[in-house]
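Thanks for coming, everyone. I have one model to walk through, so let's put it on the screen.

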Amino acid sequence: MTLRIVRLGTPRLPDEGLRIGTVRRPPRGVRKERFAADDWYDVWYPELSPSAPLVASAQQAETSDAWAAFEKAFRREMAEAAPSHALDLLAALSHRTDLSIGCYCAEEDRCHRSILRGLLADRDAKLD
């Protein structure tokens, strides 16, 4: 049993389990009934994505300092009660079932999913 961090829209890995989209918006130009079939996600969970203003700051973060500021602000958002409980739930589920979370970004190191990976590791999630 593991929790994988994936790029949405890429082919699913064997035993990936339920794919959760931790993104602010659904994929553009894709009909809702195609989300799972086209390897986007099975469940949309925007509560684990950055707020709209933070998405904009992440997209404009061209320096290490700008990215660090984004990371600090996103971690602050994820420390709020609802996202924190969701992270606790995913960490616990990772010990009992296969599942994955993801975002559209091409590079994980400049994507909020890298921060989610760290937050889940802090909660002893079983990560792949």
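Which residue follows H4, and what is the sign of its phi? The residue is Asp124, and its phi is positive, near 60°. Keep in mind that this is a predicted model.

Let's stay with H4. This helix covers residues 112–122 and packs on the sheet. There it touches E1 and E4. The direction of H4 makes about 175° with that of E1. Angles over 145 degrees count as roughly antiparallel.

Which residues of H4 are buried? They are His112, Arg113, Ile115, Leu116, Gly118, Leu119 and Leu120. Note that His112 and Arg113 are in that list. And what do the buried residues pack against? Two strands, E1 and E4, and two helices, H2 and H3, the latter spanning 81–93.

Now the sheet itself. It is open, with four strands. Read across, the order is E1-E4-E2-E3, and the pairing is parallel. The edges are E1, at 3–7, and E3, at 43–44. Each of these pairs on one side only.

Take the E3 edge. Its partner is E2, residues 18–21. E2 and E3 are joined by two bridges, in the parallel sense. Follow Ile20 across to E3, and you land on its bridge partner, Val43.

Next, one residue in E4. That strand runs over residues 99–103, and Ser100 lies in it. Is Ser100 buried or exposed? Its relative accessibility is 0%, so Ser100 counts as buried; the cut-off for buried is under 20%. What surrounds it? Set aside the neighbours within four places in sequence. Ser100 is then in contact with Arg4, Val6, Glu16, Gly17, Leu18, Arg19 and Ile20. You have just met Ile20, as the bridge partner of Val43.

Last, a helix pair: H1, residues 52–59, and H2, residues 64–78. Two packed helices are described by the angle between their axes and the distance between the axes. For H1 and H2, the angle is about 160° and the axes are 9 Å apart. H1 and H2 are therefore roughly antiparallel to each other. Their crossing is left-handed.

Which residues meet there? H1 brings Leu54, Ser57 and Ala58. From H2 come Trp67, Phe70, Ala73, Phe74 and Glu77. By class, that contact has six nonpolar residues, one polar and one charged.

H2 also takes us back to where we began, as one of the elements that the buried residues of H4 pack against. I'll stop there.

Definitions and conventions:
Residues numbered from 1 in each chain as written. Predicted model: local features only at pLDDT ≥ 70, side-chain atom pairs only at ≥ 80, totals over all residues. Heavy atoms only, no water. Axes fitted to C-alpha atoms, helices over the stretch in contact; angles between N-to-C directions. Parallel < 35°, antiparallel > 145°, perpendicular 65-115°, else oblique. Left-handed = near helix turned anticlockwise from the far one by under 90°. Contact = heavy atoms within 4.5 Å. Nonpolar A, V, L, I, M, F, W, Y, C, P; charged D, E, K, R; others polar. Buried < 20%, exposed > 50% of the residue type's maximum accessible area, 1.4 Å probe, protein only. Pairing = 2+ DSSP bridges.
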